[in-house]
Amino acid sequence: AFSAQHAALAFGAWISQDLVRKANKDTTPEPRFMHGNATLGYEVVPSNVAATAKGLKLEYDEWDYTSPAPQADAFKRWIKAHLVKGSPVVWFPMCKGDPPLCYPFACPNGGIMSHVEPMYGIFSNHSLDEADVFEDDWILHASDQVPHRGGGGGGREATRLSGRVER
């Protein structure tokens, strides 16, 4: 809920985390294994992030989880395209040291996650008109309410991270 709340804040709309969760209470696909219930709503996960945005009447674009693997490079280009336009992105990364997991049915196409974060911006020494993501590009994202910046070149498709992702 924090990530969806902060994505809305990028446009000046403050939406409580309670309302974020309640926005998906009637639209989260069955069965529901994530935290929450039919009264209070549910934790925002990949399978209900679009339903949550729709329930909040936010404009959104959902990543195509059915695109062919490997997806990392296409996903990074998709993220960059949104950030360049000033649109925040809610993503579901793996955190270094966390086990790969996902609630049953919560991660489409067999995906995994361990965390939810909003991304706000991109910095580059290259033209932002270029679709490719470069090794020295940086994204601005938040994790547990602390802003971070992370390199654009890391994060290849892997379930184990062996180095520092953030600089």
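**Exercise 1. State which residues G36 touches, not counting residues up to four places away in sequence, and then place G36 in the chain.**

Solution. Leaving out residues up to four places away in sequence, we find that G36 touches G41 and Y42, where a contact means heavy atoms within 4.5 Å. The next step is to locate the residue: G36 lies in strand β1, which covers residues 36-37. Helices (H or I, at least four residues) and strands (E, at least two) are DSSP runs, numbered from the N terminus. Finally, G36 can be compared with K22, which is 14 residues away in sequence and 9.5 Å away in space, C-alpha to C-alpha.

Before going on, note that this is a predicted model, in which local features need pLDDT of at least 70 and side-chain atom pairs count only at pLDDT 80 or more, while totals for chains, interfaces and linings use all residues. Residues are numbered from 1 along each chain as its sequence is written, and side-chain values use heavy atoms, with hydrogens and water left out.

**Exercise 2. Work out which strands pair with β4, and describe the surroundings of E117.**

Solution. Two strands pair if DSSP finds at least two bridges between them. Strand β3 pairs with β4 in the antiparallel sense over three bridges, and within this pairing V89 has M119 in β4 as its bridge partner. Strand β5 (residues 138-143) also pairs with β4 in the antiparallel sense, over four bridges, and here G121 stands opposite L140 in β5.

We now turn to burial, where buried means under 20% relative accessible area, exposed over 50%, and partly exposed in between (1.4 Å probe, protein chains only). Five of the seven residues of β4 are buried, so that the strand is mostly covered. E117, which is found in β4, counts as buried because its relative accessibility is 4%. Not counting residues up to four places away in sequence, E117 touches several residues, including S3, V89, W91 and H141.

**Exercise 3. Explain why helix α1 is described as largely enclosed, and name elements that cover its buried residues.**

Solution. Helix α1 spans residues 2-9, and six of its eight residues are buried, so the helix is largely enclosed by the rest of the structure. The buried residues are F2, S3, A4, Q5, A7 and A8, and what covers them includes α2 (17-22), β3, β4 and β5.

**Exercise 4. Decide whether D98 is buried, partly exposed or exposed, and locate it.**

Solution. D98 is partly exposed, because its relative accessible area is 32%. D98 sits in the loop between β3 (89-91) and β4 (117-123). Along the sequence D98 and S114 are 16 residues apart, while in space they are 6.5 Å apart, C-alpha to C-alpha.
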